[in-house]
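This report looks at how the helices of a chain are built and how its interior is packed. The sequence and the structure are shown first, and the discussion follows.

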Amino acid sequence: MKSIFYTLFLILLFFAPLAHAQDQVLSKEEAIEMVLEGNLDIQVARNTKVIDDNNADILNSGYLPSVTGNASGSIDKQNSEGVLANGDTRTAEGAETRRYSASVNVNYTLFDGLGRYYNYKNFKERSQQSELEVRQTIENTILQLFTVYYEAARLTENTATLEQALEISKDRFKRAQYQFEFGQNTGLDVLNAEVDINTDSINLLNSRQELRNTMRDLNLILNRDLSAQFATDTTVTFVPGLQMENMYNEAQLNNVRLQIVEKDINMGLNDIRVAKSGYLPTIGLTGTYGWNESNNNSPLAFALQNTSTGVTGTVNLTWNLFDGGTTITGIKNAKIAYKNQEIAKKQIQLEVERDIRNAWDSYTNALYVLEVQEKNLQTNQNNFKRTDERYKLGQVTSIEFRQAQLNLLNAELAKSQAKYNAKLAELQMLQVSGQLLNVEF
């Protein structure tokens, strides 16, 4: 038994510097700033937003003309024979003809049935939707951040509580040894005290290990060195004046899922208009500036060199009177997709209403549990204080003292758990209502 005790003592002595090396407190504000700058999921979402912004630019709209340049050159060698009007015959051996040309062509679509217009509107809608998706990623990441951050804070409090419990058990062990030496108790009390020290030491070791693991999880979210040492802020403040009706109204207006699906509906309506553009004609404008030169050394040629330059402009109209039903099918499918998006919106509206009501109930219940646990902790603190005084006077047994100590320990751990559960329930409710990024943490 003593070997186990000393082994645990050495382990605690080894890990104690690690537990207290985290002197610098990582504030909530610093954690938010770090996650916004370094989190990899947020970086990917922002890069996607840049892509969608590029797609919504005028350069990708189809409203600008296309300009192409063409150039060519050819050499032709032929043997030819010709009869003149006076009956003479002339021949040309290896007559060479060189031809060169260059042109600049400009093509511009004046009207395409408004398909280009609604496609461009879709790009704009998608860019705005992408911005909402960035916000959604940030909200999810911040909620994940504080889930881990408050877990680290809870484990920090638990570790401190377990350290105090271990110190109490050590004092009890020393007292039991002194009493045994003076014949005031039996060796059983000493053994019981030693067993309780071992139990408290193991609990403390497990708590410290959980804390180290949670710190690494937090460093991963912050995208920094996983071995970075820090302490968390264990203070928790709640947003005052929250009311169910206000939260519900805010959710209907600001919930990011509802705003994203609204963009889907707008794009679906534009898709129907794009499909209908197939019924209308396309009017295009083409302009060409060209240069051509031909050199011919054949004695049969009328001109040895010919050069021409000029500008050509063309307006063309194309009207697909019947495309085999492709346009009709596209319109039907676009309308069905639009109906599906409306159905999805109704589904999300119901889910958001359920989520906000569930979140409110969880929040109010968590606050009530916290209040009860605070009262329970106060009761157990008073009970342990009286039991400790009576134990020193020999009026209660070591078993009764240990039970009072465990009751106090469990009350402290339960109160800490209730505090952070209530705060996380509040954050979840704020996320559903679309207010998570508008409050102080």
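Which residues have the most contacts inside the largest nonpolar core? In this predicted model, that core has 52 residues, and those with the most contacts inside it are Leu145, Phe146 and Leu427. At least two residues of the core are supplied by each of α2 (28-38), α3 (40-55), α4 (115-181), α5, α6 (244-254), α7 (256-276), α8 (326-392) and α9 (398-432), and the largest share, 12 residues, comes from α4. A second core, separate from this one, has 10 residues, among them Ala165, Leu166, Val190 and Ile197. In soluble globular proteins, nonpolar side chains tend to be buried together.

When neighbours within four places in sequence are left aside, Leu427 is in contact with Leu143, Phe146, Tyr150, Leu436 and Phe441.

**Two helices and their spans**

For α4 and α5, the span expected at 1.5 Å a residue can be set beside the distance between the end C-alpha atoms.

| Helix | Number of residues | Expected span | Distance between end C-alpha atoms |
|---|---|---|---|
| α4 | 67 residues | 99 Å | 97 Å |
| α5 (187-222) | 36 residues | 52 Å | 53 Å |

The end-to-end distance of α4 agrees with its expected span, and that of α5 likewise agrees with the value expected for its residues. Just after α4, Gly183 takes a positive phi of about 75°, while α5 is followed by Asn223, whose phi is also positive, near 60°.

**A buried threonine in α5**

Thr214 has its place in helix α5. Because its relative accessible area is 9%, below the 20% limit, Thr214 counts as buried. The side chain of Thr214 reaches the backbone oxygen of Glu210 at 2.8 Å, and, leaving aside neighbours within four places in sequence, Thr214 is in contact with Val148, Glu151, Ala152 and Leu155.

**The buried side of α2**

Which residues of α2 are buried? They are Lys28, Ala31, Ile32, Val35 and Gly38. These residues lie on the same side of α2, because they cover an arc of only 160° around the axis. The elements that cover the buried residues of α2 include β1 (25-26), α3, α4 and α5. Of these, α3, α4 and α5 are also among the helices that each supply at least two residues of the largest nonpolar core, as does α2 itself.

Note on methods:
Residues are numbered from 1 along each chain as its sequence is written. This is a predicted model: local features need pLDDT of at least 70, side-chain atom pairs count only at pLDDT 80 or more; totals for chains, interfaces and linings use all residues. Side-chain values use heavy atoms; hydrogens and water are left out. Helices (H or I, at least four residues) and strands (E, at least two) are DSSP runs, numbered from the N terminus. The expected span of a helix is 1.5 Å times one less than its number of residues. A nonpolar core is a set of buried Ala, Val, Leu, Ile, Met, Phe, Trp, Tyr and Cys residues joined through side-chain atoms within 4.5 Å. Buried means under 20% relative accessible area, exposed over 50%, partly exposed in between (1.4 Å probe, protein chains only). Contact means heavy atoms within 4.5 Å. The arc is that of the directions from the helix axis to the C-beta atoms. A polar contact is a pair of N or O atoms within 3.5 Å; within protein, one must be able to donate a hydrogen and the other to accept it, and residues adjacent in sequence count only if both atoms are side-chain atoms.
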